[in-house]
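Morning, everyone. I have one structure to walk through today. Please look at the sequence and the model before I start.

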Amino acid sequence: MVHRYDIVTKSGFTFQGNRGPWLFKGETLYQRYEEEIVTGSGMTIDDYYAFTTGLEYSFYGLLFDNQDVGLILEWIECSDEGKELVIYPNHFFSGLRYTFNNQSDRSFLLGGYFNYKDHENVIRLEYSERLWEQFTLEVEGLLIDADDDAMFGPFNKSSRIGGKLTWHF
């Protein structure tokens, strides 16, 4: 067996900044291959770009003095749409983050990825909290609603919940 390592040129840029209660963020990627690459299924891999950009507005002390509510909006785009293993190629994400700003760093995130070209929605719920000093508890829930011919179609009306306990030592 002979290993083959394709030459790839990648460039990217990440930014994040805030002004008052606003947080602005984004990432870009451009990937170019030196030679044509064909996958085992016969699909040609083309040069492509991808980016995500978004903003979050935080309401400080909206319900309680030490707790914040953030409204999130992001745009996710990829020129490799329709290819294998491209998740969220043309989606908007909108969500709500509730942060307790307490010693355990407890927070909730509820949001959804919405495909603006096809009917495909993924709703996500996240919860995280530090337990004592050495553990972190994370819980994640996912609900998928998609047309049968969409990328997430085979998982239509699927939902799951998972958890993770991490020990920091």
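Let me begin with a question: which side chain makes a polar contact of 3.3 Å with the side chain of Gln 31? It is the side chain of Lys 10. Keep in mind that this is a predicted model.

Let's stay with Gln 31. You will find Gln 31 in strand β2, which covers residues 22-33. Is Gln 31 buried or exposed? Its relative accessible area is 6%, and the cut-off for buried is under 20%, so Gln 31 counts as buried. Its side chain has another polar contact, with the side chain of Tyr 33, at 2.4 Å. Now set aside the neighbours within four places in sequence. Gln 31 then contacts Val 8, Thr 9 and Lys 10, and also Asp 47 and Tyr 48.

Next, the whole chain. The chain has 11 strands and zero helices. Along the sequence, then, the pattern is β-β-β-β-β-β-β-β-β-β-β. How spread out is the chain? The radius of gyration is 20 Å, and the globule rule gives 15 Å for 169 residues, so the chain is more spread out than a compact globule. Along the principal axes, the C-alpha atoms fill a box of roughly 60 × 40 × 35 Å.

A few totals for the chain. Buried residues make up 30% of the 169. The exposed area is about 11,700 Å², and 57% of that comes from carbon and sulfur atoms. Take contacts between residues at least 6 apart in sequence. Of these, 39% join residues at least 24 apart.

Now the sheet. In which order do the strands sit? Nine strands make an open sheet, ordered β1-β2-β5-β6-β7-β8-β9-β10-β11, with antiparallel pairing. At the edges are β1, residues 8-19, and β11, residues 159-167, and each pairs on one side only. From one strand to the next, the twist averages 10 degrees. As a reminder, strands of a sheet pair through backbone hydrogen bonds, either parallel or antiparallel.

Two pairings to look at. Start inside the order, with β6 and β7. Strand β6, residues 68-78, runs antiparallel to β7, residues 90-99, and 10 bridges join them. Find Trp 75 here: its bridge partner in β7 is Phe 92.

Then go to the edge, at β11. Nine bridges connect β11 to strand β10, residues 135-146, and this pair is antiparallel too. Here Leu 143 has Ser 159 as its bridge partner in β11. How many of the nine residues of β11 are buried? The count is zero, and β11 is hardly covered.

Last topic: backbone angles. Two residues to check on your screens. Asp 105 is not a glycine, yet its phi is positive, at about 55 degrees. Asp 105 sits in the loop between β7 and β8, where β8 is residues 107-115. Its relative accessibility is 41%, so Asp 105 counts as partly exposed.

The other is Trp 132. Trp 132 also has a positive phi of about 55 degrees, and is not a glycine. Where is Trp 132? Trp 132 lies in the loop between β9, residues 120-131, and β10. Is Trp 132 buried or exposed? Its relative accessibility is 70%, so Trp 132 counts as exposed.

To finish, go back to Gln 31. That residue is buried at 6%, and its side chain makes polar contacts with those of Lys 10 and Tyr 33.

Conventions. Residues numbered from 1 in each chain as written. Predicted model: local features only at pLDDT ≥ 70, side-chain atom pairs only at ≥ 80, totals over all residues. Heavy atoms only, no water. Helix = DSSP H or I, 4+ residues; strand = E, 2+ residues; numbered from the N terminus. Buried < 20%, exposed > 50% of the residue type's maximum accessible area, 1.4 Å probe, protein only. Polar contact = N/O pair within 3.5 Å; in protein donor to acceptor, adjacent residues only side chain to side chain. Contact = heavy atoms within 4.5 Å. Pairing = 2+ DSSP bridges. Axes fitted to C-alpha atoms, helices over the stretch in contact; angles between N-to-C directions. Rg over C-alpha atoms; globule rule 2.2 N^0.38 Å. Areas by Shrake-Rupley, 256 points an atom, 1.4 Å probe, with all protein chains shown as cover.
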